[in-house]
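Subject: The structure we talked about

Hello,

Here is the structure I promised to pass along. Have a look at it first, and then read on for my notes.

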Amino acid sequence: PQGKVKTCTIIVKNGKYYACLSCEVESVQLPSCSKSVGVDLGVKHLAITSDGEFYDHPKFLRESEGKMRRKQRVVSRRKKGSHRRRKAVQELSKLHEYIANQRKDYAHKVSRKLVNKYGLIAFENLNTQGMVKNHHLAKSIVDASWNQLVTFTAYKAEEAGRGVVLVEPKNTSQLCSNCGEMVPKKLSERTHHCEHCGYVQDRDINAAKNILKRAI
């Protein structure tokens, strides 16, 4: 451990013990950077930047759905209060923990890349709790874990002396980032084509550019 240890918390999780040390250390700031970026969070791709960079959405929950259903069936077949049921519940909990750790690891990697590359990072201030009420997208939104990515990026940026800004998300996908005119489009339309100025761009990159403009 680095720095001065302030607290030690013992956590018991799924039959394992963890000692979590909280240490006081000096923040290490990165060299100043004038580059700014807007980041659009999505379902098809986890994050899309105004520079045209796409970060994949690994869909860890979707990949493990079959295994999770099998373990849930095993739990439902076991007698309540029995040792075998407790063991089956523990196996299911371990799988949930594994998926959560996969998401966390990926969010750490993406947030680190963003903070290392840009001095200002802009995200939409999304109401994810309201969005998961859409049953068609709920599972994909939960699996993407947008809030985790924003939180990780924000604390890394603070430590590095860089900035994260959250902006109003209204109409970022509908506005033309080139001329500012409204270009209504359905969710299924993946290309932004402005009839006013002729600007053509990927829908998500156009949204990311609008996010950056609002942040600046």
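Below is what I found, going through the salt bridges, one helix and a few surface and loop details.

Please keep in mind that this is a predicted model, and that every value here is computed from it.

**Salt bridges**

The structure holds four salt bridges, and I will walk you through three of them. As background, side chains of opposite charge can pair when their charged atoms come close.

One of the pairs is Glu53 with Lys117, whose side chains meet at 3.2 Å, N to O. Glu53 sits in the loop between strand 4 (45-49) and strand 5 (54-56), while Lys117 belongs to helix 3 (residues 83-117), so this salt bridge ties together parts that are 64 residues apart in sequence. Both ends have some access to the surface: Glu53 is partly exposed, with a relative accessible area of 28%, and Lys117 is partly exposed at 34%.

Helix 3 also takes part in another pair, between Lys71 and Glu91, with the closest N and O atoms 3.8 Å apart. Here Lys71 comes from helix 2 (residues 65-77) and Glu91 from helix 3, and the two residues are 20 apart along the chain. Lys71 counts as partly exposed at 23% relative accessibility, and Glu91 is partly exposed at 32%.

The third one I want to show you joins Arg190 and Asp204, at 3.0 Å, N to O. Arg190 lies in the loop between strand 7 (163-167) and strand 8 (191-193), and Asp204 lies in helix 7, 14 residues away in sequence. In this pair, Arg190 is partly exposed, with a relative accessible area of 32%, whereas Asp204 counts as buried at 11%. The cut-off for buried is under 20% relative accessible area, which is why Asp204 falls in that class.

**Helix 7**

Asp204 brings us to helix 7 (residues 203-215), which has 13 residues. At 1.5 Å a residue, that helix should span 18 Å, and its end C-alpha atoms are 19 Å apart, which agrees. How much of helix 7 is buried? The count is 10 of its 13 residues, so the helix is largely enclosed by the rest of the structure. Among the buried residues are Ile205, Ala208, Ile211 and Leu212, along with Arg203 and Asn206.

The N-terminal end of helix 7 is capped by Asp202, which has a side-chain oxygen 2.9 Å from the backbone nitrogen of Asp204. Asp204 therefore appears twice in this region, with its backbone nitrogen at the cap and its side chain in the salt bridge with Arg190.

**What the record says**

UniProt, in an unreviewed entry, places the feature "domain: Cas12f1-like TNB" at residues 146-211. In the model, that stretch is 36% helix and 17% strand, and its end C-alpha atoms are 15 Å apart.

**Surface and loops**

Ile10, Val12 and Tyr17 make a nonpolar surface patch of about 370 Å². Of these, Ile10 lies in strand 1 (residues 4-13) and is exposed, with a relative accessible area of 55%.

Two asparagines have a positive phi. Asn14, in the loop between strand 1 and strand 2 (16-24), has a phi near 50°. Asn171, in the loop between strand 7 and strand 8, has a phi near 65° and is partly exposed at 31% relative accessible area.

Best wishes

Conventions
Residues numbered from 1 in each chain as written. Predicted model: local features only at pLDDT ≥ 70, side-chain atom pairs only at ≥ 80, totals over all residues. Heavy atoms only, no water. Patch = residues over 30% accessible without salt bridge, like charges linked within 9 Å, V, L, I, M, F, W, Y side chains within 5 Å. Areas by Shrake-Rupley, 256 points an atom, 1.4 Å probe, with all protein chains shown as cover. Helix = DSSP H or I, 4+ residues; strand = E, 2+ residues; numbered from the N terminus. Buried < 20%, exposed > 50% of the residue type's maximum accessible area, 1.4 Å probe, protein only. Expected span 1.5 Å × (residues − 1). Polar contact = N/O pair within 3.5 Å; in protein donor to acceptor, adjacent residues only side chain to side chain. UniProt positions renumbered as here; feature names shortened; annotations may be inferred.
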